[in-house]
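User: Could you go through this one with me? I'd like to take it piece by piece.

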Amino acid sequence: MKNRTRIRLLLAAGASLGTIAAAPALAQDATWSATPENVVFGGRSDYQDPDNWVPATVPTGTATFDATSETDIFFENLVGSPPISIGRFVFNAGAPAYTFSLQSDDFTFSGEGIVNNSTAAQTLIVGNRSDLHFINSSSAGSAHLIGEGSQGRISYENDSNAGTSQITIGENGFGRLEFTDNSSAADATISNPFGNIFFFGNSTAGNSQITNLNGMGFSGSSSLGSAVITNPSGLRISADASGGGATVINETGGLVDISQGDGFAASTSIGSLSGAGNVQLGGRNLTLGALNLGDTIGGAITDGGDLGG
């Protein structure tokens with residue numbers, strides 16, 4: 001009888017222990033060292049080395065940057081390693097200009113994003129096979145973001161935004177800039193010398209200034225917002241995307257293509273469309289002139305297009 005009682009008690013204890021859930025890990029805050037110890041790869045310092053932080057832990061909450069002897073930082077995240085995530089970067093008033101380089105890395109801002117309280121420009125380079133994500137309500141602030149190399153991608157997701165950042169896509173090879181969900185290009189200045197820019201979902205180009213030298217597309221229910229887009233290349237507006245508040249300067253060699261297959265909106269709009277570039281309708285209607293800027297279109301306006309019509 002005593003043995004059975006003891007067994008029942010042990011089982012009860014085991015059942016109780018089984019219901020205890022592990023508490024989520026608390027976000028770690030740390031400040032980049034004034035004298036980082038790990039300086040390798042041509043003088044760059046490793047973000048992933050705990051010895052380069054005070055206290056000695058790689059932050060996941062807030063990473064603070066101030067005066068330091070090493071401002072060129074890379075991410076040594078080996079293939080197969082888990083993605084790197086941080087709530088925000090904060091640059092104090094005395095911080096110099098930093099440069100962060102991603103190569104085969106996956107890095108995410110999940111909190112406030114990038115907060116620059118200094119007068120120096122802060123640069124993030126997204127290199128080969130790397131992804132830089134802004135999620136939730138994070139913002140790129142006033143940072144300079146560069147997407148370069150093969151399969152380098154910068155993406156804005158959820159309700160994130162590009163702030164007043166400067167973004168260059170495809171500076172030294174192909175690169176990709178994406179806006180999805182309800183994200184916004186906000187007041188960014190974007191240049192696309194040799195990459196591609198895509199707006200999906202309910203995303204918007206906001207009040208951005210965009211120079212598209214390669215490829216750019218709006219699809220889903222995305223919007224050109226109030227952006228000013230200079231286009232000497234290819235700009236596609238498809239599905240239910242629209243641009244009634246936007247200005248498009250369609251320069252010589254440029255093509256605005258609103259053609260598409262069946263099943264989507266029969267028309268779209270652009271607030272102001274001008275320039276010597278061509279326009280392809282694909283059988284859809286294009287409404288122009290809501291901004292009343294007295295535009296002149298010097299190129300050809302035709303039916304047809306890459307997707308027929």
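**Strands and salt bridges**

Analyst: Let me start with one pairing, in which M216 stands opposite L235 in strand 21. Please keep in mind throughout that this is a predicted model.

User: How many bridges join strand 19 to strand 21, and do they run parallel or antiparallel?

Analyst: Strand 19, residues 215–218, is joined to strand 21 by 4 bridges, and the two strands run parallel.

User: And which residue stands opposite G234 in strand 23?

Analyst: That is L255, and it belongs to a pairing in which 3 bridges join strand 21 to strand 23, residues 255–257, again with the strands running parallel.

User: Where do the side chains of strand 21 point?

Analyst: They alternate along residues 234–237: L235 and I237 point to one face and are buried, whereas G234 and R236 point to the other face and are not buried. Such alternation between the two faces of the sheet is what a regular strand shows in general.

User: What does R236 meet in a salt bridge?

Analyst: The side chain of R236 meets that of D257, with an N to O distance of 3.3 Å. This pair links distant parts of the chain, since D257 sits in strand 23 and R236 in strand 21, 21 residues apart.

User: Buried or exposed, what is D257?

Analyst: D257 counts as buried because its relative accessibility is 3%, while its partner R236 has a relative accessible area of 25% and is therefore partly exposed.

User: How many salt bridges does the structure hold?

Analyst: The structure holds 5. One of them is formed by E112 and R88, whose closest N and O atoms are 2.9 Å apart. E112 lies in strand 9, residues 106–116, and R88 in strand 7, residues 84–91, so this pair ties together parts that are 24 residues apart in sequence.

User: Why does E112 count as partly exposed?

Analyst: Its relative accessibility is 44%, which is why E112 is placed in the partly exposed class; R88 is in that class too, at 30% relative accessibility.

User: What about R153 and E178, how far apart are N and O there?

Analyst: The side chains of R153 and E178 meet in a salt bridge at 3.3 Å, N to O. R153 lies in strand 13 and E178 in strand 15, residues 175–179, so the pair ties together parts that are 25 residues apart in sequence. As for burial, R153 is partly exposed with a relative accessible area of 25%, but E178 is buried with 8%.

User: Which residues do salt bridges that share partners join into one network?

Analyst: The network is made up of D131, R153, R176 and E178.

User: Staying around there, which residues is S155 in contact with?

Analyst: Once neighbours within four places in sequence are set aside, S155 is in contact with L132, H133, F134 and E178, so E178 turns up both in that contact list and in the salt-bridge network. S155 is found in strand 13, residues 152–156, and its side chain makes a polar contact of 2.7 Å with the side chain of E157. Its relative accessibility is 2%, which lies under the 20% limit for buried residues.

User: Switching topic: what does T64 touch?

Analyst: Not counting residues up to four places away in sequence, T64 touches A30, T31, W32, W53, V90 and N92. T64 lies in strand 5, residues 62–65, and is buried, with a relative accessible area of 16%. Between T64 and R88 there are 8.5 Å from C-alpha to C-alpha, for a sequence separation of 24 residues.

User: Now the overall view: how many strands does the protein have, and what share of its residues is buried?

Analyst: The protein has 27 strands along with 1 helix, and buried residues make up 46% of its 309 residues. Of the contacts with a separation of 6 or more, 42% are between residues 24 or more positions apart. The protein exposes about 13,800 Å², of which carbon and sulfur atoms supply 52%.

User: Where does pLDDT stay under 50?

Analyst: That applies over residues 1–23, for which the model has 0 contacts beyond four places in sequence. For the protein as a whole, the mean pLDDT is 88, and 87% of the residues reach 70 or more.

Notes. Residues numbered from 1 in each chain as written. Predicted model: local features only at pLDDT ≥ 70, side-chain atom pairs only at ≥ 80, totals over all residues. Heavy atoms only, no water. Buried < 20%, exposed > 50% of the residue type's maximum accessible area, 1.4 Å probe, protein only. Pairing = 2+ DSSP bridges. Polar contact = N/O pair within 3.5 Å; in protein donor to acceptor, adjacent residues only side chain to side chain. Contact = heavy atoms within 4.5 Å. Salt bridge = Lys/Arg side-chain N within 4 Å of Asp/Glu carboxyl O. pLDDT = per-residue confidence, 0-100. Areas by Shrake-Rupley, 256 points an atom, 1.4 Å probe, with all protein chains shown as cover.
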